[in-house]
Amino acid sequence: MKQAYITKSRLTDFITSAIKEDVGDGDHSTLAVIPATAMGKAKLLIKEPGILAGVELAKEIFQHYDPDLKVSIQIPDGSPVEPGDVGLFVEGKVSAILTTERLVLNCMQRMSGIATYTHQLTQKISHTKAKLLDTRKTTPNFRMMEKWAVSIGGGKNHRFALYDMIMLKDNHIDFAGGIRQAVSAAQEYLKRKGLPLKIEVETRTLDEVAEVLEVGGIDFIMLDNMSYVQMKEAVALIGGRYPTEASGGITEDTLVAVAECGVDYISVGALTHQVKSMDISLKAVV
């Protein structure tokens, strides 16, 4: 759990809420046919190639529900896997294993899908200096796990939420009356509140880039929906004075060209909102 946003309290809150949603007043299928004292073992079976993610979370889920469950991790998070591989074994009360099975699989399947896609895209731009960023385009109440999966897959996490960075996007700028007014208001706000937050400003044209450079006092410049020619010119204009982020409609097909424009970061919402889950199952060991 290397990321600062992955805390024990957040994990506990998520797992508690997810179990309440899924189990309610009882897992009646299991209660009906499995004796409370029955003991057993199950394995996490990988059914397609990719990058495994969510193993540590799975252990947290199993042992939150039943601290006596023994979890033996066979393949750590971030590892490449192939069909037939076993990610972990879990041993203990059969009822606890069955009741937590679907929550573990739902989390791991989606996290592994995200990690796999992130890894694929980072490999495409490994010959450049650009780093892949996620966004806030995440599933409500599942953001921590989705961003965790991006980091496992080799990507970088952008801001976690609205509270840990100031990002002045087009609507902020337009409603505030312009870049200069928006940046000035943000600077004054941070000073008044005593908040050590970084400021990123979205730019849509070279003129806006020039205006940001003139105003100064920010930390990142976003180049939004620019053509490759505009982006290259913007990077040259900025000249390394601020880190740059390319954003807006970037796809797998356009990613490499964007990276080769010389930007520092590329944000891709598809990392978390257009991902196919990995096929993983939990099977009884008998």
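Colleague: How many bridges join strand S1 (residues 39–46) to strand S5 (residues 86–93), and what makes them a pair?

Modeller: Six bridges join S1 to S5, and the two run antiparallel. Two strands pair if DSSP finds at least two bridges between them, so S1 and S5 qualify. One example is Leu45, whose bridge partner in S5 is Val86. Keep in mind that this is a predicted model, where local features need pLDDT of at least 70 and side-chain atom pairs count only at 80 or more, while totals for chains, interfaces and linings use all residues. Residues are numbered from 1 along each chain as its sequence is written, and side-chain values use heavy atoms, leaving out hydrogens and water.

Colleague: Where do the names S1 and S5 come from?

Modeller: They are DSSP runs numbered from the N terminus: helices are H or I with at least four residues, strands are E with at least two.

Colleague: Which sheet holds S1 and S5, and which strands are its edges?

Modeller: They belong to an open sheet of four strands in the order S3-S5-S1-S12, with antiparallel pairing. The edge strands are S3 (70–73) and S12 (280–284), as each pairs on one side only. The twist averages 20° from one strand to the next. Helix H3 (residues 55–65) lies across S3, S5 and S12, and runs at about 170° to S3.

Colleague: What about the parallel sheet, and why are S6 and S7 called its edges?

Modeller: That one is an open sheet of six strands, ordered S6-S11-S10-S9-S8-S7. Strand S6 (131–133) and strand S7 (166–168) each have a single partner strand, so one side of each has no neighbour in the sheet. Here the twist averages 25° from one strand to the next.

Colleague: How do you know that S10 pairs with S9 and with S11?

Modeller: Count the bridges: S9 (residues 220–224) and S10 share four, in the parallel sense, and S10 and S11 (residues 265–267) share two, also parallel. Glu245 of S10 is the bridge partner of Met222, and Glu245 also stands opposite Tyr265 in S11. Helix H9 packs on this sheet, touching S9 and S10, and its direction makes about 165° with that of S9.

Colleague: Why is Ser247 called buried?

Modeller: Its relative accessible area is 13%, and buried means under 20% (exposed is over 50%, partly exposed in between, with a 1.4 Å probe and protein chains only), so Ser247 counts as buried. Ser247 sits in strand S10 (residues 244–247). Both faces of S10 are covered: Thr244 and Ala246 on one side, Glu245 and Ser247 on the other, are all buried.

Colleague: Which residues does Ser247 touch?

Modeller: Contact means heavy atoms within 4.5 Å. Leaving aside residues up to four places away in sequence, Ser247 touches Met222, Leu223, Asp224, Asn225 and Ser267.

Colleague: What makes H8 roughly parallel to H9?

Modeller: Helix H8 (residues 206–215) and helix H9 (residues 228–238) pack at about 15°, with their axes 10 Å apart. Angles under 35 degrees count as roughly parallel (over 145 roughly antiparallel, 65 to 115 roughly perpendicular, the rest oblique), so H8 is roughly parallel to H9. The crossing of the two is right-handed, which means that the near helix is turned clockwise from the far one by less than a right angle (anticlockwise would be left-handed).

Colleague: Which residues of H8 and H9 meet?

Modeller: Leu206, Val209, Ala210 and Leu213 in H8 meet Gln230, Glu233, Ala234, Leu237 and Ile238 in H9. That contact divides into seven nonpolar residues, one polar and one charged.

Conventions: Axes fitted to C-alpha atoms, helices over the stretch in contact; angles between N-to-C directions. Nonpolar A, V, L, I, M, F, W, Y, C, P; charged D, E, K, R; others polar.
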